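The following exercises concern the secondary structure of one protein chain. Please examine the sequence and the coordinates before reading the solutions.

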Amino acid sequence: MVSTAARTMTEAAPTWLSPKGSSSSILVLQGEELLLECIAGGMPTPRITWTKDGEDLPVTSRMKVKNFNKMIQIPKASFEDTGEYVCAATNKIGYIEHTITVRVRAAPFWLERPTNLILAPEENGQLVCRSDGAPRPTISWSINGEPIETSTPQPNRQVSGETITFRSVSTENTAVYQCNASNEHGYLLANAFVNVLHATPRIIGPRNELIKTIEGHRAFLDCHFFGSPVPELRWSKYGQGTLEGNRFRTHRNGTLEIKRIQIEDQGTYLCVISNIAGRDENQVRVEVKEPIIIVTKPRSMKVLRGSDVRLECGVKADITTPIKTTWMKNKNQAALSWRVSMDESNLVITNVNRGDEGNYTCVIQNDLEQKSASAHLMVMDRPSPPTDLELSDPYERSVRLSWVPGDSNHSPITEYLVQYDDDDWIPGKWKNLSTYPGNLNSVMLHLQPFTYYEFRVIANNEIGSSRPSRPSKRFQSSGAPPDVIPKNLKGVGTWRNNMEISWEPLTWREWNGPHLKYLVWWRRRDSREEWKNATTKWLKYYIYDADTFTPYELKVQAVNDFGLGPESPVVIGYSGEDRPIAAPLNLRVSDIESSQVTLHWDPVTRESIMGQLKEYKVYYWRDSSQLRWHRVNRAMRSKVFPNSDPEPSGVVTDLIPYSNYVMYIVVTNSRYEGPPSNHIHFSTPEGVPSAPRSFRIQQRHLDSIYVDWDLPEEPNGVITGYSLKYQTVNASRGEELKVEEFPPNVTSFSIRRFDRYTRYRFSVAAHTRVGLGEWHTEESPHYTTEIYAQDQVDISTQGWFIGIMCAVALIVLILLIVCFIKRSRGGKYPVRDKKDISLELMDDKDQEGTFDYRSLERIARVSTLPYPRREEERGLQRAQPSVEAILKRSDSDDSLVEYGEGGEIQFNEDGSFIGQYTGTRRDVRDLDFGGNLELHSPMNTIYSLA
């Protein structure tokens, strides 16, 4: 009982909500909208089906089904929509039907309207007024607005329903006739004029017309006429015969139709009309042109973006008729530009892009016809970027990314590239995440925990890659424990009782969560003690109070707020090292050669190294040469031997022969060197010398070359002699290599050459008792002028050159002094009125030949302002003034001597300034001349020259 009640509440048979009942009817006018609707209720929801006149309702293009088959909509009803429509509602509980009867009615509409009649007397005519509708319309006639039934009857007029017939008309039949067609839904009204008259035939329209037409087309030659009674019509070509039948047809309005006109139909046609009242005619000239033929039609293309396209449109047309070519793109005229141009009738598009895609039509037209041909241009391009990126289903290490694919641009998408940006500091640095097949638009992305992400998608096809899509919303994956083990874990002592544990940090992408730290573990190796640990956020951890150089087992793991990461493998580290306490013993040498020696020593015990044995280090230096006169460099050198053999040894190379060396050895660990061993002394035997120094080639005479050299920088033994090899450079004379031997005290050689163009190559080497040393080779320079015939010595050291230079300098000095004195003698002011004085030395000491050069200095300070030209000429004829006169003039009141010392400044009569710029006023008699000073200078000569 309970289950039956529950079923009754949840399930119900169908019932009609609209329309009610089992049947209904609809009346609709033709052309109006017809709506059929059936809405049923029930549980489950009933399914609606339709039938018409007992058969399934066919759904046509005129019909729309809406609201889950509940409504049938017909926008414009027609008579074929009349019938019985049955809608049925069905569910699993029951079945019901409703019948809708549809009747379509129509207002009157014309089948044939009455037209005007023009009749000649005694002619017959007819007016027809045909219409239809639902119900069928009723036809009524009127004459000049009066019902035809009440009008004056006419025996030659007969009304028969929708037709009025006239026989043997007269002027009494002229009137306006009205036709009325009506039913319950509307009416129609039309007027027709009947005119009875007598008129001469007349051709209506242009005369002597020229008609141009295309071969194969229809041609219509008009000859509209009027006349009463109706004239007879006849068409002929060149006025001969009658054109009728086959391709020629004459219409009732007088037009001649020529079907499939040919070139031979070209000519003049004559139209003649006539009746009892008269005659009229008209000529029509016909020209037949060849048709336009598109020989080469444009081909549809599928091209790559950026390529060039040529759409061809070859045309053949009548040469007497100009043609015009127009290209249409998608029914609009193609715009020409620098990329789109026309080459005759062809269209050329360079560097095509997506905007050039479409239908292109070549339109060829003239005054008579138009032809066209079309082609489709398809531009293949890289895909359009995906759109509408969405993220869903987030997890700690994954998220689902979905997008809407962009247009493939006529090349299928082969794959999608997903990129991501997880850089918080420098956004916009996109990196590739993964690629996916081109048929997918929703993928699961694998991510790093606790990281901010932005994604974008790039589509790829055979053409290339699309532009990147717009970035997705910023997304942060949830956190997780670290996955990565810190690398390069090691333990190294920095002091003798500690150990530094260090490792490489995790990158921030490897944190997987906030607050990253490191958990460090350690314990002594080969001990039973428990692991000790410590947590730090740094990259180092120190253990203190450790024994010297003690091994420890170490491991480390990363930890964040979400948990512990994996532990690293156990590594061995050592605490700090101390300075070694012992030196290697029994240092000794063997196999002493000129440039190397073999060392031997006893190893140091492991306990005394105080750490890990790193190496043995030998210190040595060259104490002296066995040649007592030879100075050496005592710089200390070292060499290491990472040797842990029970009987260690090593070889020291690059020693200098014939030298005395001092050496000692120490042991080292990773931090310190130990104490030095005992010092040993050894001497290297003789070796071969180095090359001689300062090799010079000189040409002291035109026909000889002189060479010399110095001792080698490192003799490496006792020099026993020198070898000199020489040969001409070009060896064109077939001269053999010559060798000269010299004792140790000979370091020069002279050779006579064949001519001044001959060059030599010299090589020199020194000897010791061991053998011949290193050669020094040099070629003589080009000596081709007479200058090199002189001795090649430094010219600046030659006596003749020094003498010439001194003579030149003395002459220049004398000339300068003479010029200075002559300038001093002419330096008087125009206001001076001094007498000529002779240049005589009044002092006794002066008469004895002594001379104070300081007085000459004072003479140089005398004013040098010029004399007037007249006095200057007179002064040139005077005798040389005496020194005392000159000194007095320098001591005059108008001198400039006191100006330099700040004394009183004197001026001349016109106010000009006359002070001496430098020096003080002193009398030459106050000067102290030495008694032994003789006037052996060239000053007397200078005065005579002046």
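Three exercises with worked solutions follow, all based on a predicted model.

**Exercise 1.** Determine how the span of helix 3 relates to the expected value, and which residues in helix 3 are buried.

*Solution.* Step 1: helix 3 covers residues 799-825, a run of 27 residues. Step 2: from the first C-alpha to the last, helix 3 reaches 39 Å, close to the 39 Å expected at 1.5 Å a residue. Step 3: with buried meaning under 20% relative accessible area, V818, I821 and S824 of helix 3 are buried. Step 4: an α-helix has 3.6 residues a turn, so residues three or four places apart point the same way.

**Exercise 2.** Establish how the side chains of strand 60 are arranged, and how strand 60 pairs with strand 59.

*Solution.* Step 1: in strand 60 (residues 680-683), I680 and F682 point to one face and are buried. Step 2: H681 and S683 point to the other face and are not buried. Step 3: in a regular strand the side chains alternate between the two faces of the sheet. Step 4: four bridges link strand 60 to strand 59 (residues 659-668) in the antiparallel sense. Step 5: opposite H681 of strand 60 stands V662.

**Exercise 3.** Describe the open sheet that contains strand 47.

*Solution.* Step 1: the sheet has three strands in the order 46-47-50, paired antiparallel. Step 2: strand 46 (490-492) and strand 50 (540-543) are its edges, each pairing on one side only. Step 3: from one strand to the next, the twist averages 25°. Step 4: strand 46 and strand 47 (residues 499-502) run antiparallel and are joined by three bridges. Step 5: K490 has S502 in strand 47 as its bridge partner.

Key: Residues numbered from 1 in each chain as written. Predicted model: local features only at pLDDT ≥ 70, side-chain atom pairs only at ≥ 80, totals over all residues. Heavy atoms only, no water. Helix = DSSP H or I, 4+ residues; strand = E, 2+ residues; numbered from the N terminus. Expected span 1.5 Å × (residues − 1). Buried < 20%, exposed > 50% of the residue type's maximum accessible area, 1.4 Å probe, protein only. Pairing = 2+ DSSP bridges. Axes fitted to C-alpha atoms, helices over the stretch in contact; angles between N-to-C directions.
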